[in-house]
Amino acid sequence: MRAGSRFRFLFVIGLLLSCFAAADITRTGEVVGTVKSEDGTPLPGASVRLAGDQLIQKEITQTTDARGTYRFNNVPPGNYVLTVTLDRFRTKEVAVTVNVR
């Protein structure tokens, strides 16, 4: 194969692979928040569960950090239930919708 033909062949293969990579980009969102008490104090150590049929494992659990924040990345679009639990506090459930533009 001549050098020019080899270059064109590799260019076409590279172009096809980049098209497949672009088609493979998954459109996902994230769910981010802060768990606070009624007086506004952040609550570290709270268990935050995101549950929904769109998730492969059906639910994901995070623990809030020192500032009471949590983050669920790469969440497929859809409807979810977010459940927050912490000792000495009432369990709270919130409906969440993830949209991707």
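Reader: Into which exposure class does Lys58 fall, given its relative accessible area of 43%?

Author: The model is a predicted one, and in it Lys58 is found in the loop between β2 and β3. Exposed would require over 50% relative accessible area and buried would require under 20%. Because the relative accessible area of Lys58 is 43%, the class that applies is partly exposed.

Reader: What is the approximate phi of Lys58, and which sign does it have?

Author: Most residues other than glycine have a negative phi. Lys58 is a residue other than glycine, and its phi is positive, near 70 degrees.

Reader: Which residue in the loop between β5 and β6 has a phi near 70 degrees, and what is its relative accessibility?

Author: The residue is Arg88, which has a positive phi near 70 degrees although it is not a glycine, and which is found in the loop between β5 and β6. Arg88 counts as exposed because its relative accessibility, against a cut-off of over 50%, is 81%.

Reader: Where does Ala51 lie, and which residues is it in contact with once its neighbours within four places in sequence are left aside?

Author: Ala51 lies in strand β2, and it is partly exposed because its relative accessible area is 21%, whereas buried means under 20%. Its C-alpha atom is separated by 9.7 Å from that of Val96, which is 45 residues apart from it along the chain. With neighbours within four places in sequence left aside, the contacts of Ala51 are Lys58, Glu59, Tyr80 and Val81.

Reader: Is Thr64 buried or exposed, and which residues offer backbone atoms to the polar atoms of its side chain?

Author: Thr64 has its place in the loop between β3 (59-63) and β4, and it counts as buried because its relative accessibility is 5%, under the 20% cut-off. A polar atom of its side chain lies 2.7 Å from the backbone oxygen of Leu43, and a polar atom of its side chain lies 2.8 Å from the backbone nitrogen of Ala46. Both Leu43 and Ala46 also appear in the list of residues in contact with Thr64, which includes Val35 and Tyr70. The backbone atoms in question therefore belong to Leu43 and Ala46.

Reader: Which residues have the most contacts inside the largest nonpolar core?

Author: That core has 15 residues, and β2 (47-51), β4 (69-75), β5 (78-85) and β6 (92-98) each supply at least two of them. Leaving aside neighbours within four places in sequence, Phe72 is in contact with residues including Val31, Val48, Ile60 and Leu82. The residues with the most contacts inside the core are Val31, Phe72 and Leu82.

Reader: How many residues apart are the partners of the salt bridge between Glu30 and Arg71?

Author: The side chains of Glu30 and Arg71 meet with N to O at 3.1 Å. The pair links distant parts of the chain, with Glu30 in strand β1 (residues 29-34) and Arg71 in strand β4, and the partners are separated along the chain by 41 residues.

Reader: Which residue forms a salt bridge with Arg90?

Author: The partner sits in the loop between β1 and β2, while Arg90 is in the loop between β5 and β6, and the two are 52 residues apart. Both partners are exposed. The salt bridge, at 3.4 Å from N to O, joins Arg90 to Glu38.

Conventions. Residues numbered from 1 in each chain as written. Predicted model: local features only at pLDDT ≥ 70, side-chain atom pairs only at ≥ 80, totals over all residues. Heavy atoms only, no water. Core = buried A, V, L, I, M, F, W, Y, C linked by side-chain atoms within 4.5 Å. Buried < 20%, exposed > 50% of the residue type's maximum accessible area, 1.4 Å probe, protein only. Helix = DSSP H or I, 4+ residues; strand = E, 2+ residues; numbered from the N terminus. Contact = heavy atoms within 4.5 Å. Polar contact = N/O pair within 3.5 Å; in protein donor to acceptor, adjacent residues only side chain to side chain. Salt bridge = Lys/Arg side-chain N within 4 Å of Asp/Glu carboxyl O.
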